[in-house]
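Open the model in your viewer and keep the sequence panel beside it. The tour goes from single residues to a pocket and back out to the chain.

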Amino acid sequence: MKRIMILGLSLLMTLFIACEDKKDDAAVEESTVITVTTGNVNDGSFYYNLTIAAEDTNTWHVSLQNIDAGGGYYMPSIVLNNSVMVTIDNSVTFDELEEIPSNDQWSTDISIVAYGGDNEVLNYDQTNHTISVSNDNILIYIPTTHQVFKLHFDEYSDGIVLFQFDEMTQ
């Protein structure tokens, strides 16, 4: 009888451990960070739809455009579609960012990430004539689909931007 109880207990422990491993594997699979390399802004604007993870000039959420900076000069700029809401979260790194902001943290002022905005993604240094990329974590809420995406812009080089994004879930 003692052997049967030990064997039964061993089988239950094995089953418990096996189930925990599968749960951890599923959590790892949920994260699907996508890296995007834009087209060259000097050849035309680049429009990207986060929900379908593809270029889309009709239903885009994020764009790389040359915008008029005055005096006939054009600057590359990240532009958000006016159909989204935005917030900035630098409390943790992009990879560690998991908490969706509360409703009162979202802003309809999408210009904050564009050229000249408080959190502009691409910053032009007039002294060195170089463009640097902000280290901000940008969160985008799409009201029509109730989806939240986190974005991080990593690099700008000769009119091309490299960024990554991931959908956040509660």
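A residue counts as buried under 20% relative accessible area and as exposed over 50%, with partly exposed in between. Keep those cut-offs at hand for the stops below. Note also that this is a predicted model.

**Whole chain**

Colour by secondary structure. The chain has one helix and 11 strands. Read from the N terminus, the order is α-β-β-β-β-β-β-β-β-β-β-β. The helix therefore comes ahead of the strands in that order.

**Stop 1: H152**

Select H152. Its place is in strand β10, which spans residues 147-157. Is H152 buried or exposed? Its relative accessibility is 9%, under the 20% cut-off, so H152 counts as buried.

Show side chains here. Those of H152 and D154 are joined by a polar contact of 2.7 Å. Next, display what H152 touches, leaving out residues up to four places away in sequence. The set is F94, N135, D136, N137, F163 and Q164.

**Stop 2: the second largest pocket**

Stay with β10, but turn to a pocket. Select I100, Y141, H146, V148 and Q170. Of the 13 residues that line the second largest pocket, these lie nearest its centre. Two elements, β10 and β11 (160-168), give two or more residues to this lining. The volume of the pocket is about 180 Å³.

Now colour the lining by residue class. Which classes make up the lining of the second largest pocket? Seven residues are nonpolar, five are polar and one is charged.

**Stop 3: N42**

Move to N42. Look for N42 in the loop between β1 (34-37) and β2 (46-49). N42 has a relative accessible area of 54%, over the 50% cut-off, so this residue is exposed.

Add G159 to the selection. N42 and G159 are 117 residues apart along the chain, yet their C-alpha atoms are separated by 6.0 Å. G159 is also one of the residues that N42 touches, not counting those up to four places away in sequence. The others are N66 and D158.

**Last stop: zoom out**

Show the whole chain again, now with its surface. Accessible surface comes to about 10600 Å², and carbon and sulfur atoms hold 51% of that. Of the 170 residues in the chain, 36% are buried. Finally, draw the contacts with a separation of 6 or more. Residues 24 or more positions apart account for 48% of them.

Key. Residues are numbered from 1 along each chain as its sequence is written. This is a predicted model: local features need pLDDT of at least 70, side-chain atom pairs count only at pLDDT 80 or more; totals for chains, interfaces and linings use all residues. Side-chain values use heavy atoms; hydrogens and water are left out. Helices (H or I, at least four residues) and strands (E, at least two) are DSSP runs, numbered from the N terminus. Buried means under 20% relative accessible area, exposed over 50%, partly exposed in between (1.4 Å probe, protein chains only). A polar contact is a pair of N or O atoms within 3.5 Å; within protein, one must be able to donate a hydrogen and the other to accept it, and residues adjacent in sequence count only if both atoms are side-chain atoms. Contact means heavy atoms within 4.5 Å. On a 1 Å grid over the protein atoms alone, a cavity is a set of points where a 1.4 Å probe fits but cannot get out, and a pocket is an open set with protein on both sides within 12 Å along at least five of seven lines; lining residues have an atom within 4 Å of a point. Grid points are joined across faces, edges and corners, and a volume is the space filled by probe spheres set on the points. Ala, Val, Leu, Ile, Met, Phe, Trp, Tyr, Cys and Pro count as nonpolar, Asp, Glu, Lys and Arg as charged, and the others, Gly among them, as polar. Accessible areas come from the Shrake-Rupley method with a 1.4 Å probe; for residues, only the protein chains shown count as cover.
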